[in-house]
Amino acid sequence: MRKLLALGLFIVLLTISACGNPIEESNIDCTVTPNDPSCEIDQPVESYYCNEADLDCISTIEHYIDTLTLYEKTAQMIQAEISYITPNQMEEFGIGSVLSGGGSHPQSYDDTVQEWYDMYSSYQNAALESSSGIPIIYGIDAVHGNNNVYGATIFPHNINLGMANDADLMYRIGQSTAEEMLVTGINWTFAPAVSVVQDIRWGRTYEGYSENPIIQENLVQNMILGLQDNGVSATAKHYLADGGTYQGHDQGDVNAFEQEIRDIHLLPYYEAIEAGVDTIMISYSSINDIKMHSSSFWINNVLKYEMRYNGFVISDWNAIHQLNGDFKSQIITSVNAGVDMLMEPSDWQQALELLYQAASDGQITNDRIDDAVRRILTVKYYRGILEHPLYRIDESNLYNQEHQDLAREAARKSLVLLQNNEQSLPLSKTEKIFVAGPGADSVGLQSGGWTTYWQGNTSRDIGVGTSILDAVANVLQTTSGQLVDSVEEADTVIVVLAENPYAESMGDNYSMTLSSGNSHPDNQNALNIAAAAQAQGKNVVGILLSGRPLLLENYLNDFDSFIAAFLPGSEGGNAISDVVFGDENFSGKLSFTWPINYNQIGYTSNENDYDESIVLYPFGYGLTYE
């Protein structure tokens, strides 16, 4: 992976050689005054987006550019959600993409793989019958496995993968996710999020690997390669600095100088581009009060011109509606700023008409339209969509033993042992154990948001996986140990605390304790059980299922050992049993600083004066049995 110094030198050399680009030659901070003349690009980059030696690709794409009508070109730049477009409309309008949003299913949450493929193929066949005959690229939020699909493996969320910090593991998860997507035919995931999270109050904290870009540098490339080497387009998101908003407000504002944005938030996108990422999604958020969807400086100047990004740029769900002006003005602003495809779930038809009008009137140039369409079609070419639009693989690739074992390995490597007084762990398999707490017997809670539905699934049984309680019971059933029903009967009491699932702004949290905010309402009763067990001299093991570090306050005193499990996914129960009984060692290390109190939230390892001694647990902390 490129080191920071080498990366900085690369940027400088690229800037010097960039045909007189004036951006670095002035003292203007273009994140603050992007309309200053010195922030404008001298001229657009002229490039084909195929590999230079790939004459077949160039010939194919340029044939489309030469023969498509302007209307057909603008149609390629539109994405609709399946709830708002029919196959008949797909045939009529020939738009370039559709998506299934989080929690969107063909008919029901438990639809079969065949029902998913039947839906996919109906839209794909309709696209092939449109005037352009160009197949769609179909997107889905497969952010920790193919999590919309009933029966799919639910891998740990990104926060867990940051704790594991294992590049090889990332590739294998990307590959397995691609396989579980392609059983449905769907060939594009809106993942990975490469957010560098600076404030854990943000509801999307668990979608980020770490507060420190050194973790993203190690992981991002391999996740993207694992997906794309195996036939699925990846998306690096959300560009740019979505993890840096003030107080972690979702879709909020980042108040920072350009160099800070580059040093912390831009770095993962170099890794993504080096991996050849097909798509980059723009953030809802702003930098210095300028919405990212309108930022020509960051999209055109930096991403496409300076960084030489050749994939396509997509807007987020209805995000351009947050820009100034009427709908047509919002389309013109975002497309001229460098957005190539508009995610307009329900307003797609109006968006297409207005985009076509703007292009016809010259408010968006033909060159800009051709640039966007080249990028989109090149991605379709290299993912094999143009040649094999109905491709799928056998459904035996869904939740097979190999994928279960991988998800268990990933979960196990992500578990962080925070406290282990008097060798509380590992447990003997001959003990009497009482398991309590809201997270003890719920695969839904251990999987978090973006599981089955957008806001997650609170069900005990989500169709796959093993809960912590069941995993512990399975171990004790094969030994002389016993699962008991009360504190009084037990040698060890395991208390599993949890957050309720959430996603995006629904997870923004400004209290952050174990018994407030998004925390499960039954946590307080579980904490009372822990205190009672401690008072009786029992060995008390705490496990926290959460999308971020939470304030532990004085409750930590009621536990002899404490495990941060975060959101380990469907195989999390078995992974936890692996380590608590000592069959495997702990290896996870904190990729986020764990604050001691509310005032320390936002204090990260990126600070020049970072002091490990003043926080509860510092970045990189994690105990083992050795």
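In this predicted model, Ser-334 lies in helix 11, which spans residues 327-336. Ser-334 has a relative accessible area of 0% and is therefore buried, the limit being under 20%. The side chain of Ser-334 reaches the backbone oxygen of Ile-331 at 3.1 Å. Beyond residues up to four places away in sequence, Ser-334 touches His-293, Ile-320, Leu-323, Val-339 and Leu-342.

Helix 11 also packs on helix 12, residues 348-360. Two packed helices are described by the angle between their axes and the distance between the axes. Here the axes of helix 11 and helix 12 come within 9 Å and cross at roughly 65°. Angles of 65 to 115 degrees count as roughly perpendicular, so helix 11 and helix 12 fall in that class. Their crossing is right-handed. On the helix 11 side, the contact involves Phe-327, Lys-328, Ile-331, Ile-332 and Val-335. Helix 12 contributes Gln-350, Ala-351, Leu-354, Leu-355, Gln-357 and Ala-358. By class, the residues of this contact divide into 8 nonpolar, 2 polar and 1 charged. Ile-331, whose backbone oxygen is reached by the Ser-334 side chain, is among the helix 11 residues that meet helix 12.

A second packing involves helix 2 (residues 55-67) and helix 13 (residues 366-382). The axes of helix 2 and helix 13 come within 10 Å and cross at roughly 135°. Helix 2 and helix 13 are therefore oblique to each other. The crossing is right-handed. From helix 2, the residues in contact are Asp-56, Cys-57, Thr-60, Ile-61, Glu-62, Tyr-64 and Ile-65. They meet Asp-370, Val-373, Arg-374, Leu-377, Thr-378, Tyr-381 and Tyr-382 of helix 13. This contact comprises 8 nonpolar, 2 polar and 4 charged residues.

The third packing joins helix 16 (residues 468-477) and helix 18 (residues 572-580). Here the axes come within 7 Å and cross at roughly 50°. That angle makes helix 16 oblique to helix 18. Helix 16 passes helix 18 in a right-handed crossing. Ile-468, Ala-471 and Val-475 form the helix 16 side of the contact. Gly-573, Asn-574, Ile-576 and Ser-577 form the helix 18 side. The contact holds 4 nonpolar and 3 polar residues, with no charged residues.

Notes
Residues are numbered from 1 along each chain as its sequence is written. This is a predicted model: local features need pLDDT of at least 70, side-chain atom pairs count only at pLDDT 80 or more; totals for chains, interfaces and linings use all residues. Side-chain values use heavy atoms; hydrogens and water are left out. Axes are lines fitted to C-alpha atoms, for helices over the stretch in contact, and angles run from 0 to 180 degrees between N-to-C directions. Helices (H or I, at least four residues) and strands (E, at least two) are DSSP runs, numbered from the N terminus. Angles under 35 degrees count as roughly parallel, over 145 as roughly antiparallel, 65 to 115 as roughly perpendicular and the rest as oblique. A crossing is left-handed if the near helix is turned anticlockwise from the far one by less than a right angle, and right-handed if clockwise. Contact means heavy atoms within 4.5 Å. Ala, Val, Leu, Ile, Met, Phe, Trp, Tyr, Cys and Pro count as nonpolar, Asp, Glu, Lys and Arg as charged, and the others, Gly among them, as polar. Buried means under 20% relative accessible area, exposed over 50%, partly exposed in between (1.4 Å probe, protein chains only). A polar contact is a pair of N or O atoms within 3.5 Å; within protein, one must be able to donate a hydrogen and the other to accept it, and residues adjacent in sequence count only if both atoms are side-chain atoms.
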